[in-house]
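Reader: Hello! I am new to this structure and would love a close look at a single part, with a walk outward from there to whatever helps me find my way. Could you pick a good strand to begin with and take me along slowly?

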Amino acid sequence: MWKRTVIAAIVFGFAGATAFVAGPEHEGENNDLTSEIEKFEPIVVLELFTSQGCSSCPAADALLNQIKQKSGETIFTLSYHVDYWNYIGWEDPFSSSEYAKKQQLYNQKFKYRSNYTPQMVINGKEHFVGSDAAKLYAGIAAYKKVPSMNKVDLAEIKREADHITFNYKVAGDIKNKKVKALLVVDERTTAVKKGENRNRTLVNSNIVVAERTKDLSTGQGTLKVAIPETIRPDDTVRLIVLIETYTYDITGAVKKRINV
């Protein structure tokens, strides 16, 4: 069973327990299907909200890893570890309150009354229980048929002291959009000692450990992302850059392996 949080700080005050699904059929919103707008290769961005303290999450983590192993350059798998299950007894080393807030913003958008784990979000447009393989594969198949509204190119990716800098260039309509840079650890194995998953060894993949967002006023620029202490010298790390609207629809993406 998936788990809904009951912590007051992240339970929302509006009614309605039914998930709002804004799938590919809603691509017409924000004039996305206007003939004048250039379209690019489809992308599929999977954002899993998970926790090592949640007994329902390992199945979703494994499913995400399965997709990662099969995915090409147009599928992006991201694992956001939330912090609201830490109180059970195990503090997830990758957890962040910022990711719980990010999840809250999605659920406000979806008119869903609370955060839950594991939760999968596709292209910022629809959500479902993250361990539901049938819905996940159906969603991937659907979005692989939908052209993206932006294309992103990266250049001059450099490490400077404790941060990564890079140049970006965005093709397509950038009105009311943001560029978001993520540092993602390829995989970690953790022996969990306490909590609901005690005595289990968990494998987490594509773990988001840093995030930086900037409004798009022009189609090109430079962005800097701090390298967190979470990253180890032997980690495989990728820079993933997303383009998203102010309402959190993801309209473009690119990924590059980097040296940190």
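Author: Happy to! Let us start at Arg-159, which counts as partly exposed because its relative accessibility is 43%, a value between the 20% limit for buried and the 50% limit for exposed. Please keep in mind that this is a predicted model. Arg-159 is found in strand E7, and that strand, residues 151-160, is our base for this tour.

What does Arg-159 have close by in space but far off in sequence? One answer is Asn-259: the two are 100 residues apart in sequence, yet their C-alpha atoms are 7.7 Å apart. Go back along the strand and you reach Asp-153, which also has its place in E7. With a relative accessible area of 41%, Asp-153 falls in the partly exposed class. It has a distant partner in sequence as well, Lys-255, which lies 102 residues away along the chain while the two C-alpha atoms are separated by 9.4 Å.

Strand E7 also leads us to the largest pocket. Two elements give two or more residues to the lining of that pocket, namely strand E7 (151-160) and strand E13 (250-258). Altogether 16 residues line the pocket, and those nearest its centre are Glu-41, Lys-151, Val-152, Ala-253 and Val-254. The space inside comes to about 310 Å³. Sorted by class, the lining holds seven nonpolar, six charged and three polar residues.

Let us now step away from E7 to two other strands. Asp-215 is found in strand E10. Its relative accessible area of 46% makes Asp-215 partly exposed. Asp-215 and Glu-244 are 29 residues apart along the chain, with 9.7 Å between their C-alpha atoms. In strand E11, which covers residues 220-226, you will find Gln-220. Gln-220 counts as exposed, because its relative accessibility is 52%, over the 50% limit. Look across from Gln-220 to Lys-169: 51 residues separate the pair in sequence, but C-alpha to C-alpha they are 4.3 Å apart.

The helices come next. Helix H1 runs through residues 57-70, and its 14 residues should span 20 Å at 1.5 Å a residue; the end C-alpha atoms are indeed 20 Å apart, so the two values agree. Its buried residues include Cys-57, Ala-60, Leu-63, Leu-64 and Ile-67.

Helix H2, residues 97-109, passes a similar check: its 13 residues should span 18 Å, and the end C-alpha atoms are 19 Å apart, which agrees. Which residues of H2 are buried? They are Tyr-99, Ala-100, Lys-102, Gln-103, Tyr-106 and Asn-107. These residues cover an arc of only 155° around the axis, which puts them on the same side of H2. There is a general pattern to think of here: an α-helix has 3.6 residues a turn, so residues three or four places apart point the same way.

Both ends of H2 have something to show. At the N-terminal end, Ser-96 acts as a cap, with a side-chain oxygen 3.0 Å from the backbone nitrogen of Glu-98. Just after H2 comes Lys-111, with a positive phi of about 60°. Lys-111 sits in the loop between H2 and E4. It is exposed, given a relative accessible area of 55%. Asn-199 offers another positive phi in a residue other than glycine, near 70°. You will find Asn-199 in the loop between strand E9 (177-192) and strand E10 (200-215), and its 71% relative accessibility puts it in the exposed class.

Follow the loop after H2 onward and you arrive at Thr-117, in strand E4. Is Thr-117 buried or exposed? It counts as buried, because its relative accessibility is 0%, under the 20% limit. Its side chain is joined to that of Trp-85 by a polar contact of 2.7 Å. Thr-117 is also joined to Pro-118 by a cis peptide bond, with omega at about -10°. Pro-118 lies in the loop between strand E4 (116-117) and strand E5 (119-122), and there our walk can stop.

Notes: Residues are numbered from 1 along each chain as its sequence is written. This is a predicted model: local features need pLDDT of at least 70, side-chain atom pairs count only at pLDDT 80 or more; totals for chains, interfaces and linings use all residues. Side-chain values use heavy atoms; hydrogens and water are left out. Helices (H or I, at least four residues) and strands (E, at least two) are DSSP runs, numbered from the N terminus. The expected span of a helix is 1.5 Å times one less than its number of residues. Buried means under 20% relative accessible area, exposed over 50%, partly exposed in between (1.4 Å probe, protein chains only). The arc is that of the directions from the helix axis to the C-beta atoms. A polar contact is a pair of N or O atoms within 3.5 Å; within protein, one must be able to donate a hydrogen and the other to accept it, and residues adjacent in sequence count only if both atoms are side-chain atoms. On a 1 Å grid over the protein atoms alone, a cavity is a set of points where a 1.4 Å probe fits but cannot get out, and a pocket is an open set with protein on both sides within 12 Å along at least five of seven lines; lining residues have an atom within 4 Å of a point. Grid points are joined across faces, edges and corners, and a volume is the space filled by probe spheres set on the points. Ala, Val, Leu, Ile, Met, Phe, Trp, Tyr, Cys and Pro count as nonpolar, Asp, Glu, Lys and Arg as charged, and the others, Gly among them, as polar.
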